[in-house]
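Work through the exercises below with the sequence and the structure in view. Try each task before reading its solution.

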Amino acid sequence: MSPSARREYAGALLLLAAGGVLGLVAASRPWGSGEQSSSLSVTSATVSGSDLLPLAPAAALVALAAVVAVPALRRAGRRVVGGVLAVLGAVQAVMAALVLPDLAGRVSDWLTTGPEAAGPVDSVSTSPGWAVAVVVAGLLVVLAGLLVAVRGPSWPSMGSRYERTGGRASRRAPAKPAEGNRAAWDALDRGDDPTG
């Protein structure tokens, strides 16, 4: 494999890992919080990115799984996985970008209608930086997916170092049965089958 192909290969895997880790971390953080008052007390509740955007952690886990899957796949498999990653990353980035303009409203809606709703929300604060991080994570996965789909089929896969190439050895006529143990071992060393 040429140095440029090696850099592409490593770069795609690093982009997938970075997009996956960033997506998981950003989705698990609080994107907003609100205070809800009842007749007896005031409670504070937080809303995470995975509450507002359940796709984000799922897409991040797929990206991390692809770090292991891409080296094991062959040509067509890499094209398919690369295409799926690109689409998944794009959907994640777009959905997170759509949440951003109305983040306070979505946090408020979640607190008033979500599974742990405790009444009307008095005040809401948001942390839009985590939503931006999910957008960036999605774009990293898109870039990695496109790289895998377009350039991935030319990269070596697991076990390819043990396969025969189209070189001289594969064009050689099959060996005839070897006589004696030494001849058999010599044939095996050359990569020929002494049983013929």
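The exercises move from the whole chain to single helices and residues, and the model they use is predicted.

**Exercise 1. The overall layout**

Task: State how many helices and strands the protein has, and in what order the elements run.

Solution:
- Step 1. The secondary structure comes to eight helices and three strands.
- Step 2. Starting at the N terminus, the order is α-β-β-α-α-α-α-β-α-α-α.
- Step 3. The protein has 196 residues, and 33% of them count as buried.
- Step 4. Its accessible surface is about 11200 Å², with 62% belonging to carbon and sulfur atoms.
- Step 5. Among contacts with a separation of 6 or more, 71% are between residues 24 or more positions apart.

**Exercise 2. The length and cover of a helix**

Task: Work out what span α4 should have, and compare that with the distance between its end C-alpha atoms.

Solution:
- Step 1. Helix α4 covers residues 75-99 and has 25 residues.
- Step 2. The expected span is 1.5 Å times one less than the number of residues, so α4 should span 36 Å.
- Step 3. The end C-alpha atoms of α4 are 37 Å apart, which agrees.
- Step 4. Buried residues in α4 include Arg 78, Gly 82, Leu 85, Gln 92 and Val 99.
- Step 5. The cover over the buried residues of α4 includes α1, β1 (30-37), α3 (55-72), α5 and α6.

**Exercise 3. A glutamine in α4**

Task: Decide whether Gln 92 is buried or exposed, and list what it touches.

Solution:
- Step 1. Gln 92 is placed in helix α4.
- Step 2. The relative accessible area of Gln 92 is 2%. Buried means under 20%, so Gln 92 is buried.
- Step 3. Not counting residues up to four places away in sequence, Gln 92 touches Gly 23, Leu 53, Leu 55, Ala 56, Ala 59, Ala 60, Val 134, Ala 137 and Gly 138.

**Exercise 4. The nonpolar cores**

Task: Find which residues of the largest nonpolar core touch the most other members, and which helices supply the core.

Solution:
- Step 1. Nonpolar side chains tend to be buried together in soluble globular proteins.
- Step 2. The largest nonpolar core has 18 residues, and those touching the most other members are Trp 31, Leu 52, Leu 53, Leu 103, Val 107 and Val 134.
- Step 3. Helices α1, α4, α5 and α6 each supply at least two residues of this core. The largest share, four residues, comes from α6.
- Step 4. Apart from neighbours within four places in sequence, Val 134 is in contact with Gly 23, Ala 26, Ala 27, Trp 31, Leu 53, Ala 56, Gln 92 and Ala 96.
- Step 5. A second, separate core has 14 residues, including Ala 12, Val 70, Leu 85 and Trp 155.

**Exercise 5. The salt bridge**

Task: Identify which residue forms a salt bridge with Arg 151, and which parts the pair ties together.

Solution:
- Step 1. The count of salt bridges comes to one.
- Step 2. The partner of Arg 151 is Glu 8, and the closest N and O atoms are 3.0 Å apart.
- Step 3. Because Arg 151 lies in helix α6 (residues 128-151) and Glu 8 in helix α1 (residues 3-28), the pair ties together parts that are 143 residues apart in sequence.
- Step 4. Arg 151 is partly exposed at 36% relative accessibility, and Glu 8 is partly exposed at 21%.

**Exercise 6. A surface patch**

Task: Name which residues make the nonpolar surface patch of about 220 Å².

Solution:
- Step 1. The patch is made by Val 21, Val 25 and Trp 130.
- Step 2. Trp 130 is found in helix α6 and counts as partly exposed, at 30% relative accessibility.

**Exercise 7. Two serines**

Task: Sort Ser 28 and Ser 48 into buried or partly exposed.

Solution:
- Step 1. Ser 28 lies in helix α1, and its relative accessible area of 42% makes it partly exposed.
- Step 2. Ser 48 is in strand β2 (residues 42-48), and at 14% relative accessibility Ser 48 counts as buried.
- Step 3. Leaving aside neighbours within four places in sequence, Ser 48 is in contact with Ala 27, Ser 28, Arg 29, Pro 30 and Trp 31.

Technical notes
Residues numbered from 1 in each chain as written. Predicted model: local features only at pLDDT ≥ 70, side-chain atom pairs only at ≥ 80, totals over all residues. Heavy atoms only, no water. Salt bridge = Lys/Arg side-chain N within 4 Å of Asp/Glu carboxyl O. Buried < 20%, exposed > 50% of the residue type's maximum accessible area, 1.4 Å probe, protein only. Core = buried A, V, L, I, M, F, W, Y, C linked by side-chain atoms within 4.5 Å. Contact = heavy atoms within 4.5 Å. Patch = residues over 30% accessible without salt bridge, like charges linked within 9 Å, V, L, I, M, F, W, Y side chains within 5 Å. Areas by Shrake-Rupley, 256 points an atom, 1.4 Å probe, with all protein chains shown as cover.
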